[in-house]
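Biologist: I'm new to looking at structures, and I'd like a close look at a single part of this one. Could you walk me through how a pair of helices packs together?

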Amino acid sequence: MSSRRSRRKAPALARVGKERDRRQDSPSSKREKTDAAPKVAEPINPKLRLGVGVALLVSFLWAYFPTFALLQREWERLPDYSHGYLVIPFALVLGWLRKESMPSFSPGFSIFGLGVIALAVAMRWVGDAYFYPVIGNNSIVLWAIGATWFLFGTRFLWWALPSLLFLGFMVPLPSRFSDVLSGTLQRIATMMSTWMLQLFGQPALAEGNTISLGDHLLEVAQACSGLRIFVGIMALAFFVVFMARRRWWQNIAVVASVLPIALVANTLRIVFTGLFMEWFPGEETEKLAHDVAGWVMIPLACALFALFMAYLNQLIRPVSLMEIGELRQVSPSAKKGKPATA
């Protein structure tokens, strides 16, 4: 009885299967499949991307040429920012050293980049309209971020962001903030130099930002506050953080070491100048000591920074696990034929 029912149901099931196959092969079902398939955006023509990039570059140079002229005058006038000429080459070097991880370009333009460019143009206009050039100067970095985002996409922007942010080191700090920071560094350097000179047995006495050293007066001027070396070491720390791929706490330690290293290097410069004045009095020798100490300060700060990096490398060493059999093979007692003890 059951076999007869199964024979009767079999043709019906076969007809259902054939009908389903016929529907799947129909033109309407094929259109539904093609409509449901995800559409892949076609990449734009490279010549079009190049043409748009050239147009953006020309407009940028036309709009920001007065800003770069102002920055160049600031680099010449302020010794603390004379490193501005090296910022763009170092930013390119930073990108070149990270070229192995460079992602592919986005297939199309990103509309969000145009919004960032518009914001940079607005900052540029506000800085010129209200005579606050620091706003217009900092809009350079924002414009570069927007142009990169618009031309190459989000993934490429995240890759190029360290180099783009590094461009901020060529812009001088706001005058009020710079004066406060310079005055603080100046005062701390004066006190530390006085203490160290006293350790060398010198009759040093701090009066404001002037050190009374026997018959000589050693003035710690604003140009000698250490702001220049502070900005330089900060740029070096930024470079190391994005290149070394260290742990997060090591990156925090690298950034936190910038201020102590700058203070120590500037203090050693002032102490060297004061000792040279005491041991070899004379106007020419004092000028020579001041110039030599100024030139040696930057390599000295870089050497201190390198020593701190070496200390971080030795602070925590990687641990390798060994099996008991390997431990017995390398133990001295195993070589003598004695069983090793754990």
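Modeller: Here is the helix pair, with a little background before and a loop residue after. This is a predicted model, where local features need pLDDT of at least 70, side-chain atom pairs count only at pLDDT 80 or more, and totals for chains, interfaces and linings use all residues. Residues are numbered from 1 along each chain as its sequence is written, and side-chain values use heavy atoms, leaving out hydrogens and water.

The protein has 14 helices and 3 strands (DSSP runs: H or I of at least four residues for helices, E of at least two for strands, numbered from the N terminus). Our pair is α3, residues 46–77, and α6, residues 133–152. Their axes (lines fitted to C-alpha atoms over the stretch in contact, with angles from 0 to 180 degrees between N-to-C directions) sit 10 Å apart at about 170 degrees. That makes α3 roughly antiparallel to α6 (the label for angles over 145 degrees).

Who touches whom? In α3, the residues in contact (heavy atoms within 4.5 Å) include Phe-60, Tyr-64 and Phe-68, while those in α6 include Ile-140, Trp-143 and Phe-150. By class, this contact has 14 nonpolar, 6 polar and 1 charged residues (nonpolar is Ala, Val, Leu, Ile, Met, Phe, Trp, Tyr, Cys and Pro; charged is Asp, Glu, Lys and Arg; the others, Gly among them, are polar).

Now for that loop residue: Arg-98 lies between α4 (87–97) and α5 (111–129). Arg-98 touches Trp-159, Pro-162, Phe-242 and Met-243, not counting residues up to four places away in sequence.

Definitions and conventions:
Parallel < 35°, antiparallel > 145°, perpendicular 65-115°, else oblique.
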